[in-house]
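Student: Could we go through this protein together, one question at a time? I would like to see how each answer is reached.

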Amino acid sequence: MKLIQARIRGLGRLEESQWFDLSPHLNLFQFPDLNGDVFGRNFLRILQSINPTYEIQTAKPFADFPNFTEQGGYTRRVNPAKRTIALAVFSATPSLVKELAAVDEWLYETDRIEVGRRLDYSRWINFVELASSTRWSEISDNMQTLLEQARHLEPDLTTPLADILRPLKPADRIKNELQEKLAHWLENLPSELQNSSRQLIESTISAVMRADHFHTARDIVCTRLPLFVVLGNSTPPSSILDQKTASSTDLNADFLHSLLHLIASNAKSQAKESKNGGRTFFEELNEQLVTLQFSGMKLRIDRSPAGILLTIDGKPVQLSKDEPLSLLRQMQTKACLAVALSRTAYKTEPILLFAGPERALPDTLHGELADFVINIAKTCQCLYSFSDVDIFSNDVADRRYNAADLCMAGE
């Protein structure tokens, strides 16, 4: 799945952006003022909340957003359950469409999938231009036909249902208790009617159960969503607007821990599904890491008595001091690990969000950093935010935005 459009609807100093289109490769975002670095990092962190590497209910990245907003000169209280902070539209891959269509034939029409993260950290998923439940008008003729046929066979069978259907309006949605009652009635029709009108009954049941089918489809999408991985200034702070002071080493350690935790969780799930599932998972993960070598680094993941062990060139990873070359290698390591995990566990590429990593590197390493980003963007969708120092040539990115393009607050 690739991200094709997005927007943020923050609060306070990070208010609404316009919808913006995204390339499947490299996208550059410049915030060129004194607060550009902060805006850029927080802009990406809001987007990351769509499908982060961390546990969002624990990290609470929106904790310092205000509870009130100004609209038309009036102060209004924000309802966290209704305020969507980050929105993203994805293109559906053929393999995902095939997987969804096995749940409900309506989902053969899946083209775009919209995902949102609310202020209360709940997440919603919509299939663009596909209704996730059936209207009464769509099945009323079928139901009336079946009612008439059932009345001739078992008159008592129709009375309770007729009372339920009588107040329904054409636009009423078939879901929840109504869905359960209709499905139960259809599934318990007389055997004679089931034999004579099998196709009509099956198609009507399918329409009645569409809300349940779409719920299952949303669960499938959740397992296929790309990981949003922030690189450069890695882990989510306790809040977006009030970042706590921490060294790069601490941030790198936390970020690496979150990825290793995801790997351990996936390995455990695979082991439960089959006897050799865990071992196969690690084998596939390491096969992916072999294809992702940068600067001669050889990465490998293994199980150890203490948990998951990441090695570089056969040596356990040790996060060293904040030396420029070491920071670049650490970022490359994390990016490769995120790509390998995503391909193995989620069958998709991650979305890499680079939060101004050039700020921590000297000019002499900017060229290597740019080459790394350009190279990995050939397969992974990358969003790169920066302030004043542009390390890329003008023709390298498919999309370029600045703060004015996005209409960010305060710009």
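Student: Is Asp163 buried, partly exposed or exposed?
Tutor: Keep in mind that this is a predicted model. The relative accessible area of Asp163 is 44%. Buried means under 20% and exposed means over 50%, so with 44% Asp163 is partly exposed.

Student: Which residue forms a salt bridge with Asp163?
Tutor: Look for a side-chain nitrogen of Lys or Arg within 4 Å of a carboxyl oxygen. The closest N and O atoms of this pair are 3.0 Å apart. The partner counts as exposed, at 61% relative accessibility. That residue is Arg166.

Student: How many salt bridges does a search of the whole structure find?
Tutor: Good moment to ask, as we have just met the pair Arg166 and Asp163. The search of the whole structure gives a total of 11.

Student: Arg224 and Glu99 also meet in a salt bridge; how many residues apart are they?
Tutor: Their side chains meet at 3.4 Å, N to O. Arg224 sits in helix H9 (residues 210–224) and Glu99 in helix H3 (residues 94–101), so the pair links distant parts of the chain. Arg224 is partly exposed at 22%, and Glu99 is partly exposed at 31%. Along the chain, the separation is 125 residues.

Student: Where is Asp390, the salt-bridge partner of Arg400?
Tutor: The closest N and O atoms of Arg400 and Asp390 are 3.0 Å apart. Arg400 belongs to strand S17, and its partner is 10 residues apart from it. Asp390 lies in the loop between S16 and S17.

Student: Which residues are joined into one network by salt bridges that share partners?
Tutor: Here we follow shared partners rather than a single pair. The residues joined this way are Asp111, Arg112 and Glu129.

Student: Which are the edge strands of the open sheet of 5 strands?
Tutor: The order is S11-S15-S16-S3-S17, with parallel pairing. An edge strand pairs on one side only. That description fits strand S11 (228–231) and strand S17 (399–402).

Student: What is the bridge partner of Leu353 in S16?
Tutor: Strand S15 (residues 351–355) and strand S16 (residues 381–386) pair in the parallel sense over 5 bridges. In S16, the partner of Leu353 is Leu383.

Student: At about what angle does helix H12 run to S11?
Tutor: Helix H12 covers residues 324–346 and lies across S11 and S15. Its angle to S11 is about 175°.

Key
Residues numbered from 1 in each chain as written. Predicted model: local features only at pLDDT ≥ 70, side-chain atom pairs only at ≥ 80, totals over all residues. Heavy atoms only, no water. Pairing = 2+ DSSP bridges. Helix = DSSP H or I, 4+ residues; strand = E, 2+ residues; numbered from the N terminus. Contact = heavy atoms within 4.5 Å. Axes fitted to C-alpha atoms, helices over the stretch in contact; angles between N-to-C directions. Buried < 20%, exposed > 50% of the residue type's maximum accessible area, 1.4 Å probe, protein only.
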